[in-house]
Amino acid sequence: MSQLFTPARTRGFLRATAAAVALSSLLLTTGCGASDEGGGAEATAAVPAGFPVTVDNCGVRTTYDRPPSRVVTIHQHPAELMLALGLKDRMAGTAFPDSAVLPELKEDYAAIPELAEREPSFEKVLDAEPDFVYGGYGSAFAENEGRSREAFTDAGIDTYLNREYCGEKQVTMKDTYDEIRTIGRIFGVPDRADALVADLEGRVGKAATGVRGEPRVPVFVYDSGDKSAFTAGGKSLGTELIRLAGGENVFADLDDVFGDVSWEQVVERRPEAIAIYDYAGAGSVEEKKKYLLSRPALADVPAVRNKRFVVLPLTATLVGIRSAYAVEDLARGLHPKSFR
């Protein structure tokens, strides 16, 4: 089973080093390459309404004189966010799908050229001729693989990193809404962004209202792990999703986004439900369930004894459009009687 858990360890390491990635880029100041073309009154007249737009992202300040026109997204959740904003015509490529795509976005997502199953090489990204690269995890801009933000800047390409990896530990639904609105500003579609945020806020509000007054269900997040459990800590977006859905993360006191805990700790916390994170390369949901059910030490844990599992795609637990859907799924899984 050990091979089932490697991706999560890597992701946990990347989360821990996100602050370093941001710090290494702190002094970078980039601008949309198109802004350097031409000059004088003619160039000024060509600037679209609402521009220029200046954005501070993980220590990098970028001024966009016009919306990017050729975008490469690295990781699935940035691609879904772009598509949800109606920006499929700007997509020059994507990479590293994690989970099944939202049904309403499936056709558009399939039409985007897939550059790689995991993070593409710097050269592969350049081949797509983007003017903007949008990364989902810190690994999108891994310096040791030649994809630093500085390298892209030197190539005349603007970059944006999902704010979850800016090194700020506390992640909330506000980060999701702010991410959507920021991308909306960069691409000149703020009205679409506001409408999308309103829809997601409505989904969250409806789910939260449905479980109001219900007793909170203790929840253990099982991402992966055999010798120890890799779980969502108190600083993760997952902890807030559980809270909004009428639950309580039993490891909310873990002072990190993700981390390892012992199985003895899981037994001691006696979760009544287990949220299983589902993503490619870490074993199937059925394999994870089978593993949990096969451990004698967990036999008396209420969630295991009652086989009470809620499955969440990994992409639904990240800063992106899926987090509102996760609140709905969790609420129905934790409090099914409230939705009959």
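## A buried arginine, then a four-strand sheet

Select R149 and N57: their side chains make a polar contact at 2.9 Å (a pair of N or O atoms within 3.5 Å, where within protein one must be able to donate a hydrogen and the other to accept it, and residues adjacent in sequence count only if both atoms are side-chain atoms). Before moving on, note that this is a predicted model, where local features need pLDDT of at least 70 and side-chain atom pairs count only at pLDDT 80 or more, while totals for chains, interfaces and linings use all residues. Numbering starts from 1 along each chain as its sequence is written, and side-chain values use heavy atoms, with hydrogens and water left out.

Stay on R149, which lies in helix α7 (149-154) (helices are DSSP runs of H or I, at least four residues; strands are E, at least two). R149 is buried (under 20% relative accessible area, 1.4 Å probe, protein chains only).

Next, show the open sheet, ordered β11-β9-β13-β14 with parallel pairing (two strands pair if DSSP finds at least two bridges between them). β11 (247-249) and β14 (309-313) are the edges, each with a single partner strand, so one side of each lacks a neighbour in the sheet.

Zoom in on β13 (273-278), which pairs with β14 over five bridges. Pick Y277 and you'll find its bridge partner in β14, L312.

Finally, add helix α12 (285-294): it lies across β9, β13 and β14, at about 145 degrees to β13 (contact means heavy atoms within 4.5 Å; axes are lines fitted to C-alpha atoms, for helices over the stretch in contact, with angles from 0 to 180 degrees between N-to-C directions).

Note on methods
Buried means under 20% relative accessible area, exposed over 50%, partly exposed in between (1.4 Å probe, protein chains only). Lys and Arg count as positive and Asp and Glu as negative; His and the chain ends are not counted. A salt bridge is a side-chain nitrogen of Lys or Arg within 4 Å of a carboxyl oxygen of Asp or Glu.
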